[in-house]
Structure formats: C-alpha cells, structure tokens
There are 2 protein chains.
Amino acid sequence: MSDIRICFVGDSLVNGTGDESVLGWVGRLCRDAHGQGVPVTSYNLGVRRDTSRDLWRRLEAECTPRLPAECDGRIVLSCGVNDTTWEGGETRLPFEESVTNLDAMLAFASRYPCLVVGPPPVDDDGHNGRIGHLSDAFAERCGERGVTFIDLFGPLVDDASYRIAVRAGDGAHPDSRGYERLAAVVGANPGWWFR
Amino acid sequence: MSDIRICFVGDSLVNGTGDESVLGWVGRLCRDAHGQGVPVTSYNLGVRRDTSRDLWRRLEAECTPRLPAECDGRIVLSCGVNDTTWEGGETRLPFEESVTNLDAMLAFASRYPCLVVGPPPVDDDGHNGRIGHLSDAFAERCGERGVTFIDLFGPLVDDASYRIAVRAGDGAHPDSRGYERLAAVVGANPGWWFR
C-alpha cells in the first residue's frame with residue numbers, strides 16, 4: 001500500500017468554510033478514497049481570503065515538512081475567487097499577477113504529482129465574469145505545462161442548484177449541498193486520482 | 001455572531017490519520033460546534049511524525065496568516081506521542097526538551113485563547129509509561145501558566161474499547177471509533193469551548 005499524502009493548498013473553498021459537515025469538497029473526496037481502499041493522508045491548507053499571492057508565499061514552507069521524500073506526496077492547488085474580488089475600484093490582484101503566481105507555484109510543485117482545481121462561480125454575475133476569465137487562463141497555463149486542470153466554473157456557472165447552495169451559504173461559500181456538488185465535479189473528472 | 005477561527009497544531013492524531021471518515025477528533029468537535037450554532041472555521045495543522053520541536057518550528061509561521069486580528073482566533077496544541085517514541089536507544093526528544101518546547105509554544109500562544117490537549121495512549125505499555133509521564137508534566141506546566149489542559153491519557157489508558165480501536169488501526173492511530181472516543185473525551189471536558 002503506497003503512502004499517499006496530499007497537500008490541498010488554497011482558499012476558504014478548499015478549507016470548507018461554511019460547510020456544517022466540516023468535510024468540504026476536500027474531505028468528501030478523501031473519505032471516498034478511503035472507501036476505495038486508498039487511505040490517503042490529507043493536509044487541508046486552505047486559508048480564508050487567500051489569493052494566489054498568499055498561496056505562493058506559503059506553498060513551499062507548508063508543503064515541504066508535510067511531504068517527506070519516502071512517501072507519495074502530491075499537491076492540489078486551488079485559488080482565484082479572491083484574486084478577482086473587487087475592492088477599492090480594482091480587483092485584489094491584477095489578472096497578470098494571478099497567472100504569474102500560478103505559474104511559479106506550478107514550477108515548485110513540478111517535483112510532485114500536482115493538479116489544479118479551478119475557481120468555482122459565486123452568486124454575483126460581475127464577479128463570475130472575472131472568475132471565468134481567470135479560470136480559462138489557469139486552464140491554458142496548466143495545459144502548457146502538462147498539468148491536469150479540473151474546471152469547476154464551466155460545469156457550475158449555470159447550475160441553478162449550486163447557485164442556490166451558495167445563496168444558502170453567505171454568497172461566496174456554499175452550504176454542505178454545494179460542497180457535495182464541488183466534490184462530485186472534481187471526483188468525476190478523468191484527471192482526478194481516485195475514481 | 002463572532003468569527004471564531006481555530007488552529008489545531010499537532011501531530012498525526014490531530015490530523016486524523018487512519019480515520020476512514022476523515023474527520024478525526026478535530027473534525028467531529030468542529031461539526032458539533034456547527035450543530036450548536038457556532039460555525040467555527042477550523043485549520044487542521046496536524047502533521048504526521050511531528051514532535052513538539054517540529055510544532056514549535058512552524059507554530060508562528062502557520063498560525064499568524066490564519067488568525068487575522070479582526071477575528072476571534074484561537075489555538076489548540078496537541079503533541080507528545082512522537083516525542084516519546086523510542087528510536088535508536090533513546091526517545092526522539094529528551095523529556096526536558098519536550099517540556100521546554102511546550103512552554104515556548106504557550107508563550108507565543110498566550111496572545112490567543114489557547115488550550116492544550118494531552119497525548120493519548122497507544123497500544124504499547126512501555127511507550128504508554130513515557131506518554132503518561134510527559135502528559136503529567138504538560139498538565140503541570142499548563143497549570144502554572146493558567147492554560148486549560150485536557151487530559152486524554154488518564155481517561156483512556158485503561159479503556160479497553162479505545163485500545164481495541166488503536167489495535168484495529170495501526171497500533172498508534174485508532175480507527176474512526178477511536179477518534180469518536182477522543183472527541184467525546186475532549187468535548188466532555190469543562191475546559192472545552194463549545195459544550
């Protein structure tokens with residue numbers, strides 16, 4: 001049995017903020033892996049309000065002690081909703097910086113199996129326009145580097161039940177039904193590791 | 001509604017390693033807090049094989065970005081089983097260093113509400129003797145600093161069902177029944193925040 005340990009590095013949606021079951025999409029996928037006989041160790045490194053800049057600052061320091069050489073260490077990156085939040089007349093990060101940050105993170109993470117989960121939609125059409133644009137750019141950069149990109153935005157932006165789940169949360173974070181849906185979309189993707 | 005965010009800094013038992021439900025004792029307690037109408041944000045910073053020395057190294061770097069000043073940030077510390085593991089003719093850490101490390105962590109954590117959860121027993125009587133000794137020393141140091149200490153060792157060392165749960169795991173980590181029991185002991189302690 002290989003000793004798989006995964007660092008999920010991301011924002012509040014990775015953390016599972018607002019999920020009354022506490023599992024979030026990360027916990028659901030890892031529980032399902034256990035159910036398939038793969039007892040993964042999961043390190044949830046999702047932090048509220050974090051942008052790609054914040055992730056890049058802590059990526060190496062937090063992943064290195066959690067992924068010793070003798071185990072099958074892996075990294076999942078997920079961010080973008082906070083990068084594209086409108087604050088004080090501009091987005092929290094310039095579009096170009098978000099893509100550069102992702103690229104720098106992919107360069108570090110290339111020593112591990114790595115995949116990127118794109119940012120999901122929120123309950124705000126203007127913000128969704130920016131999220132979709134960034135998600136496309138992330139997908140393109142991943143494609144250039146040969147890294148699996150799992151799209152959440154495309155499958156969910158017009159999904160009424162997901163939007164209701166986000167509205168039932170706080171407008172940015174869904175309730176547990178929404179996290180269930182996120183887990184289902186990631187888990188059904190051919191690029192996901194445990195199916 | 002106050003915005004409570006808790007960093008759980010510890011070892012594999014904090015991580016929930018071996019729990020097929022993925023929740024561990026940390027996830028169960030946070031789920032129960034949600035059930036009581038307290039939607040805590042939990043940051044699980046348990047890392048496998050970590051001793052008190054490893055915790056002390058990463059405590060400030062990992063807690064500071066997760067506990068911004070405007071939220072009700074808290075810290076739970078839990079370690080000791082790995083400190084007292086016998087390797088190469090000695091324990092992984094000298095007894096005195098473990099106590100000094102805890103003390104240094106308590107000094108940092110004093111800027112937040114903080115509590116310490118003691119190390120639980122394992123399925124090895126010799127190791128348990130050392131864990132019990134260290135747990136007592138941790139309790140004493142917490143008492144001197146006025147920090148709540150929640151004892152897991154005392155209530156569980158002679159608990160046959162917990163020992164069976166540890167044996168059903170890998171000898172150090174229990175299966176989900178054991179994590180359920182750990183959560184029950186912490187949750188029933190008068191010092192726990194959400195009851």
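Student: Is Val22(B) buried or exposed?
Tutor: Val22(B) is found in the loop between helix H1 (12-15) and H2 of chain B; helices (H or I, at least four residues) and strands (E, at least two) are DSSP runs numbered from the N terminus. Buried means under 20% relative accessible area, exposed means over 50%, and partly exposed lies in between (1.4 Å probe, protein chains only). Because its relative accessible area is 16%, Val22(B) counts as buried.

Student: What kind of model is this, and what pLDDT do local features need?
Tutor: Residues are numbered from 1 along each chain as its sequence is written, while chains are lettered from A and ligands numbered from 1 in the order in which they are written. This is a predicted model, in which side-chain values use heavy atoms, with hydrogens and water left out; totals for chains, interfaces and linings use all residues, side-chain atom pairs count only at pLDDT 80 or more, and local features need a pLDDT of at least 70.

Student: What is the phi of Val22(B)?
Tutor: Most residues other than glycine have a negative phi. Val22(B) is not a glycine, yet its phi is positive, at about 75 degrees.

Student: Which residue in the loop between S2 and H3 of chain B has a positive phi?
Tutor: The residue in question is partly exposed, because its relative accessible area is 45%. Its phi is about 70 degrees although it is not a glycine. The residue in this loop is Arg49(B).

Student: Which three residues supply 27% of the area that chain B buries against chain A?
Tutor: Buried area is the accessible area (1.4 Å probe) that two parts lose on being put together, summed over both. Between chain B and chain A this area is about 1900 Å², with carbon and sulfur atoms giving 52%. The three residues that supply more of the share of chain B than any other three are Val22(B), Arg48(B) and Arg66(B).

Student: How many salt bridges cross the interface of chain B and chain A?
Tutor: A salt bridge is a side-chain nitrogen of Lys or Arg within 4 Å of a carboxyl oxygen of Asp or Glu. The side chains of Glu62(A) and Arg66(B) meet in a salt bridge with an N to O distance of 2.8 Å, and the two residues belong to a network of salt bridges with Asp50(A) and Arg58(A). The number of salt bridges found across this interface is 4.

Student: Which element gives the largest share of the side of chain B that touches chain A?
Tutor: Contact means heavy atoms within 4.5 Å, and 25 residues from each of chain B and chain A take part. Across the interface there are 9 residue pairs in polar contact, both residues being at pLDDT 80 or more. The elements of chain B that give two or more residues to this side are helix H2 (24-35), strand S2 (41-46) and helix H3 (52-63). The largest share, 6 residues, comes from S2(B).

Student: What N to O distance separates Arg58(B) and Glu62(B)?
Tutor: Both residues lie in helix H3 of chain B, 4 residues apart, about one turn of the helix. Arg58(B) is buried because its relative accessible area is 8%, and Glu62(B) is buried because its value is 4%. The two form a salt bridge in which the closest N and O atoms are apart by 2.9 Å.

Student: Which residue forms a salt bridge with Asp19(A)?
Tutor: Side chains of opposite charge can pair when their charged atoms come close. Asp19(A) counts as buried because its relative accessibility is 1%. At 2.8 Å between the closest N and O atoms, its partner is Arg28(A).

Student: To which residue does the backbone oxygen that lies 2.9 Å from a side-chain polar atom of Asn82(B) belong?
Tutor: Asn82(B) is found in the loop between strand S3 (72-78) and strand S4 (86-87) of chain B. Asn82(B) counts as buried because its relative accessibility is 12%. Not counting residues up to four places away in sequence, the residues that Asn82(B) touches include Asp11(B), Thr51(B) and Arg92(B). The backbone oxygen belongs to Asp50(B).

How values were computed:
A polar contact is a pair of N or O atoms within 3.5 Å; within protein, one must be able to donate a hydrogen and the other to accept it, and residues adjacent in sequence count only if both atoms are side-chain atoms.
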